[in-house]
Every structure is written in structure tokens, then in C-alpha cells.
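User: Could you take a close look at one part of this model for me, the place where the two chains meet? I'd like to know what sits on each side of it and how the strands around it are arranged.

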Amino acid sequence: MPEYPPLPLPEAPRLAQNITHFARGLRRAGLPIGPGRVAEAVAAVATAGFTSKQDFYWTLHACFVSKPEHRQVFAQIFRLYWRDPRFLEHMMAAMLPAIRGTQEEKAAKPAQKRAAEALLDGAEAPDRPDQPEGEEPPEQLELNAELTMSREERLRQLDFEQMSTAEVAEAKRMLAKMQLPIRPIQSRRLIASAAGNRINWRRTMAQAARQGGEITTLARAQRRLRWPNLVVICDISGSMSQYSRLILHFLHAVANRKGPGWARVHGFTFGTRLTNITRHLGQRDVDAALAAAGAEAQDWEGGTRIGACLHDFNRDWSRRVMGQGAVVLLITDGLDRDDSDQLSAEMQRLHLSARRLIWLNPLLRFDGFAPKARGIRAMLPHVDSFRAGHSIAALQDLADVLTRAEDSGEKRRLMQMLTSE
Amino acid sequence: MPGSIDAVETLLTEAGYVADRGLATVVFLSLRLGRPLFLEGEAGVGKTEIAKTLAAALGRRLIRLQCYEGLDASSAVYEWNFAAQMIAIRAAEADAGEPRDRAALQAELFSDDYLIRRPLLEAMQPDPAGAPILLIDELDRTDEPFEAFLLEALSDFQVTIPELGTIKAPEPPIVILTSNRTREVHDALKRRCLYHWVDYPDFDREMEILTARAPGLAPRLSQEVVAFVQALRTEDLFKHPGIAETIDWANCLLALDVIDLSPEVIADTLGAILKYQDDISRLQGSEAKRILDQARATLGPTG
């Protein structure tokens with residue numbers, strides 16, 4: 001960190017107060033800091049003493065930062081809070097372009113705006129639009145709640161792309177109720193079980209001790225079952241927009257389902273760049289979740305760079321989200337103009353690190369679909385299963401695929417077409 | 001026990017670990033406040049090494065708990081030696097002369113003799129040299145139940161063994177946890193610790209480390225090695241080389257009696273710094289030469 005001029009030492013009670021205010025600023029910027037940590041920080045500063053600004057920085061850093069991505073925010077807030085007594089003016093400068101002319105010109109550093117918003121309590125922050133651009137206008141529709149079976153059935157088969165607004169709303173409702181069952185995998189942890197295949201020595205001895213050392217039965221244990229993670233990587237480029245919106249609804253339903261199922265659901269979107277939307281999927285309200293995800297992903301309905309985005313995923317995320325045997329659901333039409341060698345290599349790596357890689361492609365709904373596009377030809381050999389994903393019925397079929405390990409969807413047929421050419 | 005941040009820096013440097021100011025500060029705070037230290041960072045930046053160095057420098061025992069998926073309390077804290085207990089029971093039965101009373105047998109079976117101490121319990125034992133250093137390595141490899149179990153163990157440093165009662169550490173151990181961040185560790189655990197992200201070192205610090213760890217290497221060659229590795233870290237690789245790789249590579253070059261880096265030498269020894277086939281194949285051909293030239297350019301002319 002850069003050198004700062006020495007800080008005039010305030011008196012001790014004021015310092016505790018200052019640290020508290022500083023912590024509140026950090027909290028508003030999104031760092032998880034409870035009162036316990038503040039007390040700790042005061043104690044830590046008292047221990048480390050005030051020999052230099054740098055030590056003070058690292059002392060507070062040790063107490064308040066708990067994630068690498070928080071370091072930047074911490075550095076900015078620290079700079080604003082502890083350095084310049086006129087920090088408010090600086091923040092106004094960062095916040096309001098109108099008065100910037102009176103201050104010296106400087107480029108906003110990363111996290112600076114966030115730091116400023118946090119310290120200013122958000123009051124002066126310009127209002128952000130509630131909904132990102134491209135979101136559908138609020139609907140003023142009266143829906144008939146009495147659905148007949150046949151209508152629901154028809155909707156199930158209907159292509160997402162051909163749905164009317166009313167049908168989309170109805171489909172969203174159906175998707176929200178959908179489930180994605182999965183078979184559990186065996187963990188190395190053991191649990192007591194009468195029908196287990198291993199001897200539980202601990203329990204056997206406990207029983208024996210109660211009976212004066214007499215072993216009458218052997219207690220048994222078996223390996224515990226655990227649920228795998230699901231990683232969904234969804235294409236949100238222009239050609240996919242109608243599908244990806246509804247598929248994100250589906251994803252939100254799967255991510256928030258109670259009861260046994262996936263241990264964790266990680267969501268990513270990509271178009272021209274990769275975005276992790278896992279955190280937003282956790283919001284209970286589906287519209288709020290998708291609006292937040294939409295605000296984060298800047299590339300809705302843009303172009304597609306599948307190879308480059310998968311490269312980013314493999315490099316930055318795959319080791320973090322796929323460590324424990326994750327199933328990967330890749331949702332894209334595979335229309336990509338980039339280098340197909342790179343795409344093929346990235347798909348191969350993705351396939352190697354996933355427990356199972358399932359590709360949902362809405363293009364597959366067309367009769368006589370042939371793997372002509374270069375992107376599709378590059379990706380197809382590296383997936384475990386290749387399926388259509390254009391309707392509610394298709395997504396429900398997905399549930400069957402997940403419980404049958406050997407299902408490869410349409411892959412075999414299409415691979416034959418590829419090799420026979 | 002060092003009395004200031006400067007003292008920690010000297011202590012570590014003398015033991016052969018070149019720490020930056022931030023790391024020295026958290027180590028000092030952790031020692032002084034008696035709080036666990038949580039170190040995160042890429043593989044090979046020296047997270048485990050800090051625990052080893054600290055143990056050596058303070059003259060404490062190092063107890064290491066290597067985490068893996070499925071690690072549970074019986075392999076982390078304690079277990080009874082069931083086979084030995086079983087034999088003892090049978091032996092008592094065979095000793096048919098006079099029947100021993102049940103309570104005495106039970107007391108004998110669940111005594112210290114039959115207790116197997118695993119790392120966490122071991123770290124709570126009194127030690128004349130002072131509290132040991134407990135290294136909980138690669139915490140991200142365990143599953144969440146074990147993490148939750150650690151919450152309690154780390155805050156109280158006591159273990160209840162039903163048959164023996166509660167065992168409390170006379171002096172809590174110095175705890176260092178490390179994570180490679182293959183998965184996110186829960187906030188509840190991080191909150192109980194002091195946190196530090198261990199980054200790749202800058203050029204000067206890596207030079208210091210290399211001089212300390214591979215003293216036989218000629219100065220100019222070590223400069224080239226460090227500059228090359230530093231340049232590699234700016235490339236788009238699947239796994240960037242850590243400090244451990246730099247030291248390994250330097251030792252490889254020493255063993256091969258290399259006096260000067262050349263694209264051929266780099267191609268032959270690339271396996272010491274890059275561990276993924278994709279990365280290695282990227283550096284074949286002219287790419288290695290380009291990075292080498294770039295690294296040399298930052299060093300200036302040969303002096």
C-alpha cells in the first residue's frame with residue numbers, strides 16, 4: 001500500500017468511536033462486520049500500538065477483511081476515512097459529477113464509488129432504476145386462474161419462443177414449482193446404520209461396556225449419502241434471450257427448493273463475458289433475484305463468445321465450485337464465431353472437471369437438426385448428454401436424465417451424423 | 001514471544017521466512033491476542049511454510065491436521081483403541097481366578113492407556129516448551145459439518161470425552177488455518193479468526209526469498225529466474241507458479257549446472273514451474289523466448 005503522511009493521534013475514547021464509525025462505513029459497503037469484530041479491532045489496535053500508519057492499516061485489515069474481494073473496498077474506505085479530514089468533500093466529488101470542476105480531476109479508482117456510497121449513507125447517491133433495461137414492462141393482465149388440464153398440457157409442450165406474454169407469465173408460474181431430482185452420491189463420512197456394511201467399533205464398545213464387556217451384537221455403520229452441487233452456465237446472448245429468461249426462472253426455482261436435492265446451486269451467465277449470479281439466486285423473490293442478476297450481467301442480448309467465457313470459467317471458478325463432484329448444466333445454442341479450437345479445448349477441460357456435463361440446446365427442437373455450426377461441432381464430443389431445452393416438457397425430461405446416469409440424449413445420433421460426413 | 005511487529009519480522013527473517021509487513025502484523029496480533037490466524041491464498045505462496053517457520057523460530061511443537069473430505073471428529077480429536085480394549089476384556093475373562101468387578105474393568109478400559117490422541121487433542125496437552133502450534137491445513141478440503149465442529153473447538157479449546165470428562169488446554173495452542181480457496185469457507189469461522197490474504201511476492205521480496213532458499217544460485221541467474229516467473233504470473237495461465245515452484249525451479253537449474261537461462265533450458269525444466277499440460281503447451285516454441293526477452297528487458301543490461 002502507498003505511504004501516507006503520519007496521522008495526528010486522537011485521544012483513546014475518540015479512537016474507539018472512530019473505529020466504530022469506520023466499521024459502520026465498511027458494513028454499508030457490504031463487508032460482514034458485527035459488533036464483536038469492532039470490539040476486537042479496538043483491542044487489536046491497542047495491542048499493536050500506533051507506530052506507523054501502515055501497521056494501523058494492517059491491524060484493522062486483519063480484523064475486518066475476510067475475503068479477498070473485500071480488500072479493495074477496505075483500502076478505499078480506509079483511505080477516505082483515515083486520511084483526509086475533508087473526506088466528505090472528496091466523496092461528493094466522486095459522487096456528483098457537477099461539482100467535480102472545483103476539485104482536482106482524478107479518475108475514480110475501483111471500489112471508490114462503492115466506498116463513497118457507503119460512507120454517505122446512500123442518501124446522496126443517484127437513484128438507480130429498479131429494473132435493468134430490457135426487462136419486460138409490468139404486465140396489466142388478468143389471468144384466468146382456473147386452468148384446465150388441457151391448457152396446462154399445451155403450455156408444457158409450447159416452445160418458449162412462441163409464447164405470448166400471458167403464456168410466459170403462466171409458464172413462469174409452472175417453472176417455479178418444478179423440481180430437479182438427483183441421485184445422491186456416497187460420502188466418506190460414516191453414519192450408524194443397522195444394515196450397514198462396516199463395523200461401528202465405537203458403538204459396539206459402548207454397548208459392550210454397558211453389558212460388562214460382553215459383545216452380543218456388532219453395531220454397524222455405512223457411508224453417508226450426500227447431495228452433489230449443480231452448476232448452471234447459461235447463455236444470455238441475443239439469440240437465446242427468450243429461452244434464457246425462462247430458464248433462469250427455472251434455475252431460481254431449483255436453487256431455492258427446500259428439502260433434499262442439490263447441496264448447492266451455482267449460477268453463471270455469459271454472453272460476451274462471464275458473470276456469477278449465484279448470490280442473486282439466493283433472494284427469495286424471483287423477480288428481485290433476476291433483476292439483481294440482470295443488473296450484474298452487463299451483456300444481455302449481446303453477442304456470444306462461448307470459448308472465451310468457458311475459459312474464464314475454467315480458470316477462475318471451476319476449481320472453486322466443482323471441487324465436490326458437481327453436475328454441470330450448460331445452456332446455449334452453441335452458435336459461436338470465435339476460434340473453434342479454443343472452444344473445443346475449453347469444453348474438454350470443463351468435461352474433465354465435471355461429474356457430468358449436460359448440454360441443453362433449444363435448437364434441437366427443430367426436426368432434422370444437424371450439427372452444422374462450427375461451434376456445435378467443436379462442443380458436441382465433450383458432453384455427456386445433449387438435449388433440447390425449449391419447453392417446460394423438455395425441462396421436465398431433464399429430471400429423468402439426471403436420475404439415469406447413462407442417458408446421453410441425442411448425442412449418439414448426432415455424433416454419428418458428424419462422423420459419417 | 002516477540003514483543004512488537006518489528007520483532008516478528010526479525011524472528012521470521014532469521015528463521016528464513018521473508019514476510020511482508022502485513023503478514024508480520026497479523027502474526028504479531030494473532031500471537032498477542034491468542035486468536036486463530038486464517039491464511040488464504042493461491043497454492044504455493046507459503047501459507048503452510050509460515051506455520052512451520054513459526055514453530056521452529058519459537059521452539060514450539062508443530063501439530064498438523066491435514067484436512068480432507070470426510071474428516072470427522074474421531075480422526076481429528078480422539079478415538080479409543082478398540083482392538084486393545086477388546087483384548088483386555090478377553091484377558092480379564094481368561095483370568096478366571098477371581099471375578100473382577102465390572103467398574104474396575106471399565107475404569108481400566110477407558111483410561112489414558114487406551115486413548116488414541118488425534119491432532120486436536122494432542123494440541124491441548126501441556127508442553128514444557130509452551131503451547132504448540134496447531135496447523136489446520138487446507139481447510140477448504142473438508143466438508144461443512146467439520147467446519148461447524150471446528151467453531152466450537154477453536155473458541156474453547158476443550159474437549160469432552162464422556163468416559164474421562166472434560167479436557168481443557170492449560171494454554172491454548174497457536175492456531176493457523178490455511179485455505180486454497182477451492183471453496184468458500186463459512187463466515188462464522190472466518191469471524192473467529194484474524195484474516196490475511198497471502199499474495200504472490202513482488203520482485204524484491206521474491207529475490208530475498210530465493211537468496212535465502214537457494215543460496216547456491218548465481219545472482220544474475222536468480223534475477224533472471226525471478227523476473228521470468230514474475231512475467232509468467234502476468235500471463236493468462238490456468239495455474240500461476242507459486243514461490244514454492246520458483247524455489248523448485250532454481251534447485252533444478254542448480255542441479256543441471258545451468259549458468260544462463262535460454263529457451264532450450266526453459267523448455268527442458270518447464271515441468272518444475274508449470275503443472276498443467278495446457279499451460280506447458282502454451283509455452284512451447286517462441287512463447288518462452290518472448291517471455292524471457294520481456295523478463296530480461298525489465299532487468300536491464302547484464303552487469
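Analyst: Here's a walk through the interface, followed by the sheets of the two chains.

Keep in mind that this is a predicted model, where local features need pLDDT of at least 70 and side-chain atom pairs count only at pLDDT 80 or more, while totals for chains, interfaces and linings use all residues. Residues are numbered from 1 along each chain as its sequence is written, chains are lettered from A and ligands numbered from 1 in the order in which they are written, and side-chain values use heavy atoms, with hydrogens and water left out.

The contact (heavy atoms within 4.5 Å) draws on 51 residues from chain B and 43 residues from chain A. Together the chains bury about 4300 Å², with 53% of that on carbon and sulfur atoms; buried area here is the accessible area (1.4 Å probe) lost when two parts are put together, summed over both.

On the polar side, 12 residue pairs are in polar contact across the two chains, both residues at pLDDT 80 or more. That term means a pair of N or O atoms within 3.5 Å, one able to donate a hydrogen and the other to accept it, and residues adjacent in sequence count only if both atoms are side-chain atoms. Chain B's touching side is built from several elements giving at least two residues each, among them helix H5 (82-94), helix H8 (144-156) and strand S9 (194-197). H2(B) gives the most, with 8 residues. By type, that side of chain B splits into 21 nonpolar, 9 polar and 21 charged residues, with Asp, Glu, Lys and Arg counted as charged and Gly among the polar ones.

The charges also meet across the interface: there are 8 salt bridges, each a side-chain nitrogen of Lys or Arg within 4 Å of a carboxyl oxygen of Asp or Glu. One of them joins B:Glu69 to A:Arg226, with the closest N and O atoms 3.5 Å apart.

Now for the sheets, where strands (E, at least two residues) are DSSP runs and two of them pair if DSSP finds at least two bridges. Chain B has an open parallel sheet of 5 strands, ordered S2-S5-S8-S1-S9. S2 (62-66) and S9 of chain B are its edge strands. S9(B) pairs with S1 (37-40) over 4 bridges, and B:Trp197 is the bridge partner of B:Glu40.

Chain A has an open antiparallel sheet of 3 strands, in the order S1-S3-S2. S1 (185-192) and S2 (198-199) of chain A each have a single partner strand, so one side of each lacks a neighbour in the sheet. S1(A) is joined to S3 (220-226) of chain A by 5 bridges, including the one pairing A:Ile191 with A:Gln222.
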